[in-house]
Amino acid sequence: MTKEALLVIDVQKAVMENSHQELRTIDRINQLIKRARQNDIDVIYVQHEYPIGPMKRGEPNWQLHDKLEKPIEAETIIHKTLPNAFSDTKLKDVLTTRNINHLYICGAQTDFCVDSSCRGAFDHHLDVTLVKDAHTTTDKDHMTAEEIINHVHHTLENFWSPKATLSLLQTSEIHWMNKPITH
């Protein structure tokens, strides 16, 4: 049986600053969060941190973005210091305890923590759906944010394994986004 969760990666003030389509991306992430809650799908937040500077835990720019739907008491927050949300965190244990075997991934930044966490989940034999229009990054010297996003999409859509799947869908294509609410 498939048990799903939504993984919201690093939608923090400092991480989202100057991101490609920042507010539109956050709006889609908020839609995903609200709909996941309505369909009893676990929502797991991830926050990156450094020991010093603006990304130090508790600093203003470390906080979740003001426009992001905040975690409710029952939801898990994973704190990480490496790009891959599975590295040196309790994420895998949380998923195992809850029997979650399919992650929907959204957040920031595409070329660092989103990409690394997609690969990490896939390496743990979890089915992964990267929500194509619900992650973002910033322009770099060598590529625009849009080029980076397209490159990551092209790379990840070619992953294959007999033990897991990695697919890419738009927010509107996710089956639980259109399910009627029966509460």
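**Exercise 1. In this predicted model, identify the residues that are linked in a network of salt bridges, and locate the pair formed by arginine 37.**

Solution.
Step 1. The network of salt bridges links Lys34, Arg37, Glu69 and Glu75. The structure as a whole holds ten salt bridges.
Step 2. Within the network, arginine 37 pairs with glutamate 75, and their closest N and O atoms are 2.8 Å apart. This pair links distant parts of the chain, since arginine 37 belongs to helix 2 and glutamate 75 to the loop between strand 2 and strand 3, 38 residues apart.
Step 3. The cut-off for a buried residue is under 20% relative accessible area. Glutamate 75 has a relative accessibility of 13% and therefore counts as buried.

**Exercise 2. Determine which residues form salt bridges with arginine 98 and with glutamate 49, and classify each partner as buried, partly exposed or exposed.**

Solution.
Step 1. The partner of arginine 98 is aspartate 42, with a separation of 3.2 Å between the closest N and O atoms.
Step 2. Arginine 98 is in the loop between helix 3 (91-97) and strand 4, while aspartate 42 is in strand 2, so the salt bridge ties together parts 56 residues apart in sequence.
Step 3. Aspartate 42 has a relative accessible area of 18% and is therefore buried. Arginine 98, at 25% relative accessibility, counts as partly exposed.
Step 4. Glutamate 49 forms its salt bridge with arginine 57, the closest N and O atoms being 2.9 Å apart.
Step 5. With a relative accessible area of 14%, glutamate 49 is buried; arginine 57, with 45%, is partly exposed.

**Exercise 3. Describe helix 2: where it lies, whether its length agrees with the expected span, and which of its residues are buried.**

Solution.
Step 1. Helix 2 comprises residues 22-38 and lies across strand 1 (4-9), strand 2, strand 4 (102-108) and strand 5 (127-136). The helix runs at about 140 degrees to strand 5.
Step 2. At 1.5 Å a residue, the 17 residues of helix 2 should span 24 Å. The C-alpha atoms at its ends are 24 Å apart, so the expected and computed values agree.
Step 3. The buried residues of helix 2 are Thr25, Ile26, Arg28, Ile29, Asn30, Leu32, Ile33, Arg35 and Ala36. These buried residues pack against helix 1 (13-16) as well as strand 1, strand 2, strand 4 and strand 5.
Step 4. After helix 2 comes aspartate 40, which has a positive phi, near 55 degrees.

**Exercise 4. Establish the strand order of the open sheet and identify its edge strands.**

Solution.
Step 1. The open sheet has six strands in the order 3-2-1-4-5-6, and the pairing is parallel.
Step 2. Strand 3 (76-80) and strand 6 (166-169) are the edge strands, as each pairs on one side only. From one strand to the next, the twist averages 25 degrees.
Step 3. At one edge, strand 2 (residues 42-48) runs parallel to strand 3 and is joined to it by five bridges. Tyrosine 45 stands opposite isoleucine 77 of strand 3.
Step 4. At the other edge, four bridges pair strand 5 with strand 6 in the parallel sense. Valine 131 has leucine 169 in strand 6 as its bridge partner.
Step 5. Side chains alternate along both edge strands. In strand 3, Thr76, Ile78 and Lys80 point to one face and are buried, whereas Ile77 and His79 point to the other and are not. In strand 6, Leu166 and Leu168 point to one face and are buried, whereas Ser167 and Leu169 point to the other and are not.

**Exercise 5. Characterise the surroundings of glutamine 47.**

Solution.
Step 1. Glutamine 47 is part of strand 2, and histidine 79 in strand 3 stands opposite glutamine 47.
Step 2. The relative accessibility of glutamine 47 is 4%, and the residue therefore counts as buried.
Step 3. Neighbours within four places in sequence being left aside, glutamine 47 is in contact with Asp10, Gln12, Trp62, Gln63, Leu64, Ile77, Ile78, His79 and Lys80.
Step 4. For tryptophan 62, the side chain of glutamine 47 reaches the backbone oxygen at 3.2 Å.

How values were computed:
Residues numbered from 1 in each chain as written. Predicted model: local features only at pLDDT ≥ 70, side-chain atom pairs only at ≥ 80, totals over all residues. Heavy atoms only, no water. Pairing = 2+ DSSP bridges. Helix = DSSP H or I, 4+ residues; strand = E, 2+ residues; numbered from the N terminus. Axes fitted to C-alpha atoms, helices over the stretch in contact; angles between N-to-C directions. Contact = heavy atoms within 4.5 Å. Expected span 1.5 Å × (residues − 1). Buried < 20%, exposed > 50% of the residue type's maximum accessible area, 1.4 Å probe, protein only. Salt bridge = Lys/Arg side-chain N within 4 Å of Asp/Glu carboxyl O. Polar contact = N/O pair within 3.5 Å; in protein donor to acceptor, adjacent residues only side chain to side chain.
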